Amino acid sequence: MPRCSVIAPYHADQPEVWDKVSQYDLENGVISIGWKKVGDVSSLDGDQLRRRVDDTYPERPPASRKYI
């Protein structure tokens with residue numbers, strides 16, 4: 001079975017915040033992934049991104065730091 005990801009620019013608990021995020025993303029041609037502590041990842045390759053996320057969120061369960 002094929003596997004895919006969905007990016008949904010909203011959150012049911014804070015729709016006004018996510019509306020602002022969505023609008024910013026559309027206006028700036030970016031996608032926000034919600035890992036604010038990770039910082040700017042635009043210059044990282046896949047391995048560097050994985051290390052950065054693992055280093056930034058070591059307390060999180062591995063499944064919550066899953067990569068495609």
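Let me begin with D25, a residue that is found in helix α1 of what is, I should say at once, a predicted model. Is D25 buried or exposed? Its relative accessible area is 11%, and because the cut-off for buried is under 20%, D25 counts as buried. If we leave aside residues up to four places away in sequence, D25 touches V30, I31 and S32.

Let us now look at the helix itself. Helix α1 covers residues 15-28, which is 14 residues, and at 1.5 Å a residue it should span 20 Å; the C-alpha atoms at its ends are 20 Å apart in the model, so the expectation and the model agree. After α1 comes G29, and the phi angle of this glycine is positive, near 65°.

Moving along the chain, we come to K37, which sits in the loop between α1 and α2, where α2 is residues 46-56. K37 has a relative accessibility of 62%, and since exposed means over 50%, this lysine counts as exposed. Which residues does K37 touch, once those up to four places away in sequence are set aside? They are T56 and Y57. There is also a spatial relation to R52: the two residues are 15 positions apart in sequence, while their C-alpha atoms are 9.7 Å apart in space.

That brings us to helix α2 and its charged side chains. How many salt bridges does the structure hold? It holds one, and in that salt bridge the side chain of R50 meets the side chain of D47, with 2.8 Å from N to O. Both R50 and D47 lie in helix α2, and they are three residues apart, which is about one turn of the helix. As for their surroundings, R50 has a relative accessible area of 31% and is therefore partly exposed, and D47, with 44%, is likewise partly exposed.

Let me finish with the chain as a whole. Its secondary structure comes to two helices and zero strands. Of the 68 residues in the protein chain, 9% are buried, and D25, where I started, is buried. If we consider the contacts with a separation of 6 or more, residues 24 or more positions apart account for 9% of them. Finally, the protein chain exposes about 6000 Å², and carbon and sulfur atoms supply 55% of that area.

Terms used: Residues numbered from 1 in each chain as written. Predicted model: local features only at pLDDT ≥ 70, side-chain atom pairs only at ≥ 80, totals over all residues. Heavy atoms only, no water. Helix = DSSP H or I, 4+ residues; strand = E, 2+ residues; numbered from the N terminus. Expected span 1.5 Å × (residues − 1). Buried < 20%, exposed > 50% of the residue type's maximum accessible area, 1.4 Å probe, protein only. Contact = heavy atoms within 4.5 Å. Salt bridge = Lys/Arg side-chain N within 4 Å of Asp/Glu carboxyl O. Areas by Shrake-Rupley, 256 points an atom, 1.4 Å probe, with all protein chains shown as cover.
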